Amino acid sequence: MESLRDIRQQIKAIKSTQQIMLTMKMISSARIKKAQEQMEQGRPFAQKMAVMIDNLRHDIEDPTSAIHSSPAYKFFDNTGTDPNARALIMITADKGLCGAFNTVVIRETLKWIRQNDDKEKYIFVIGKKGRDFLRRLKAPRTTIIGELIGIFPKASYAHASIIKDAIVKVGFQKKVGVFDIIYNDFKSMASQNLINKTFLPFDFDEIPGQEDLSNFIFEPNMLEIFLTLIPRFMTATIYRFLLESQAAELAARMNAMEAASKNAGEIIDGLSVKLNKVRQESITNEITEIVSGVEALKN
Amino acid sequence: MDKKLRLQIITPQRPVLDKEVDFVALPAYEGEMGVLPGHIQYVAKLNYGILRYKAGEEEGTFAVMGGFAEIEHNTVSVFAEDAALEEEIDEEAEKQRLEQAKATLSGKGNELDIELAEIEIKRALLLLKVKNHKSKF
């Protein structure tokens with residue numbers, strides 16, 4: 001049987017773990033407000049970029065326009081690219097202790113790698129967990145084209161810009177036309193959605209637009225504006241993915257830590273009951289011993 | 001002149017400014033470009049440079065980093081990578097950042113640090129330029 005001291009020590013250890021979990025939960029919930037704010041603040045820019053792109057749709061799809069014949073057109077149509085190459089942007093967290101957050105992304109990535117088994121694969125990975133996974137996996141015909149570690153919870157537009165540069169580079173050098181993205185979307189404080197979708201080529205139907213730019217004057221010209229617009233739109237979109245994942249990670253950690261500290265509390269309750277039982281038993285034993293000692297002396 | 005312009009400066013990080021003004025000077029790609037109310041619909045590519053505006057007696061100067069501006073129905077929307085109001089620029093802090101970024105470049109940083117440092121240098125140089133810029137209204 002466990003001694004009183006053992007049980008007391010166990011309770012103490014679990015209590016201090018619980019304290020750490022509660023602190024982590026508090027840190028996450030403090031940061032999540034900032035992360036949400038960041039998402040909110042970045043929205044107008046991303047939206048406007050999308051609207052502008054959509055407004056140029058007519059010129060993009062017109063085969064006689066300068067835009068159509070520019071190399072940037074490949075981001076809208078993957079003809080002429082290598083059908084046996086595919087790229088992926090994978091966003092995980094740097095740290096664990098956030099429930100299934102990393103696991104779902106890793107599982108989905110594994111699925112993606114299997115689906116594209118026969119293809120040349122290029123992966124840009126964000127987050128230490130995903131990087132470590134890919135390094136361990138050493139999948140055949142898979143190249144890690146870049147990695148960003150330690151950017152959360154301070155993901156910035158500059159980081160998104162680095163990712164954009166890397167994927168544009170691989171897009172042109174390796175003739176990759178299709179870029180997928182796997183990340184966790186921040187749905188609400190309580191839930192995150194795993195997203196696996198095609199990021200490039202762009203899907204016009206996803207972009208809202210309403211204005212007509214036909215009577216606008218472009219300086220220096222429309223193509224030049226378009227070439228300015230495209231990288232910014234891509235970066236703004238990637239930036240949004242980063243922020244979504246950042247907020248989702250914090251929310252996941254908050255929930256995981258809350259559940260964990262609740263479980264710890266239940267274990268502590270169980271142990272306290274056990275502790276009292278053991279203590280009472282030992283008291284009963286002592287009393288019995290004293291009483292029987294007294295009885296023995298009487299005789 | 002009773003009509004006014006609405007000047008919006010939006011960056012990926014946050015909307016920086018939304019204000020009624022009389023006049024805006026943009027750092028357009030092919031030289032500085034002045035905008036008054038009633039301007040034709042226009043989309044202009046922007047350089048790294050100085051944006052000035054005048055609202056009544058008030059004058060403002062911004063450092064604007066790339067992007068483009070859209071002028072439509074007396075609204076000037078500036079979409080820049082980053083923008084900073086002249087008064088909010090801390091000269092000493094920017095100088096220190098510049099030094100730090102230069103040190104990173106000359107040192108043996110990894111690729112990521114170097115790329116970030118390059119962005120930092122470009123930004124710090126512009127901010128310092130804007131800080132030392134004398135208003136020319």
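Where in chain B is the place of B:Leu125? Select that residue to begin the tour, and keep in mind that you are looking at a predicted model.

**Stop 1: a leucine on a helix**

With B:Leu125 selected, you are in helix H2 of chain B, which covers residues 111–131. B:Leu125 is partly exposed, because its relative accessible area is 45% and the partly exposed class runs between 20% and 50%. Now add B:Glu94 to your selection. These two residues are 31 apart in sequence, and their C-alpha atoms are 8.2 Å apart in space.

**Stop 2: a salt bridge to the helix**

Stay with helix H2 of chain B and pick B:Arg123. Its salt-bridge partner is B:Asp82, and the closest N and O atoms of the two are 2.4 Å apart. B:Asp82 lies in strand E10 (residues 82–85) of chain B while B:Arg123 is in helix H2, so this pair ties together parts that are 41 residues apart in sequence. Is B:Asp82 buried or exposed? With 19% relative accessibility, B:Asp82 counts as buried.

**Stop 3: a histidine in a loop**

Next, select B:His39. You will find B:His39 in the loop of chain B between strand E4 (31–35) and strand E5 (42–45). A relative accessible area of 24% makes B:His39 partly exposed. Then show B:Ile71 as well: from C-alpha to C-alpha, B:His39 and B:Ile71 are 7.4 Å apart, although 32 residues separate them in sequence.

**Stop 4: aromatic rings**

Over all chains, the structure holds 7 aromatic pairs. To see one of them, select A:Tyr157 and A:Tyr239: their ring centres are 5.6 Å apart and their planes meet at 85°, so the pair is edge-to-face. This pair links distant parts of the chain, with A:Tyr157 in helix H6 (residues 157–173) of chain A and A:Tyr239 in helix H7 (residues 222–298) of chain A, 82 residues apart. A:Tyr157 counts as buried, at 3% relative accessibility, and A:Tyr239 is buried with a relative accessible area of 3%.

Now widen the selection to A:Phe45, B:Phe68 and B:Phe79. Together with A:Tyr157 and A:Tyr239, they form a cluster linked by ring pairs.

**Stop 5: a network of charges**

Over all chains, there are 21 salt bridges in the structure. For a look at some in chain A, select A:Asp132. Which residues does A:Asp132 bridge to? One partner is A:Lys128, where the closest N and O atoms are 3.9 Å apart. Another is A:Arg131, with a closest N and O distance of 3.1 Å.

Follow helix H5 (residues 128–137) of chain A from A:Lys128 to A:Asp132: the two are 4 residues apart, which means about one helical turn separates them. A:Lys128 is partly exposed at 37% relative accessible area, and A:Asp132 also counts as partly exposed, at 24%. A:Arg131, in contrast, is buried, with a value of 12%.

Add A:Arg135 and A:Glu147 to see the network, in which salt bridges that share partners join these two with A:Lys128, A:Arg131 and A:Asp132.

**Last stop: a positive patch**

Finish by selecting A:Arg31, A:Lys34, A:Lys95 and A:Lys154. These residues gather on the surface in a patch of positive charge. Zoom in on A:Arg31, which sits in helix H1 (residues 4–55) of chain A. How much relative accessibility does A:Arg31 have? The value is 38%, so A:Arg31 counts as partly exposed.

Definitions and conventions:
Residues are numbered from 1 along each chain as its sequence is written. Chains are lettered from A and ligands numbered from 1 in the order in which they are written. This is a predicted model: local features need pLDDT of at least 70, side-chain atom pairs count only at pLDDT 80 or more; totals for chains, interfaces and linings use all residues. Side-chain values use heavy atoms; hydrogens and water are left out. Patches are made of residues with over 30% relative accessible area and no salt bridge: like charges are joined within 9 Å, nonpolar side chains (Val, Leu, Ile, Met, Phe, Trp, Tyr) within 5 Å. Accessible areas come from the Shrake-Rupley method with a 1.4 Å probe; for residues, only the protein chains shown count as cover. A salt bridge is a side-chain nitrogen of Lys or Arg within 4 Å of a carboxyl oxygen of Asp or Glu. Lys and Arg count as positive and Asp and Glu as negative; His and the chain ends are not counted. The place of a charge is taken as NZ of Lys, CZ of Arg, CG of Asp or CD of Glu. Buried means under 20% relative accessible area, exposed over 50%, partly exposed in between (1.4 Å probe, protein chains only). Rings of Phe, Tyr and Trp (its six-membered ring) pair if their centres lie within 6.5 Å; planes under 30 degrees apart count as stacked, over 60 as edge-to-face and the rest as tilted.
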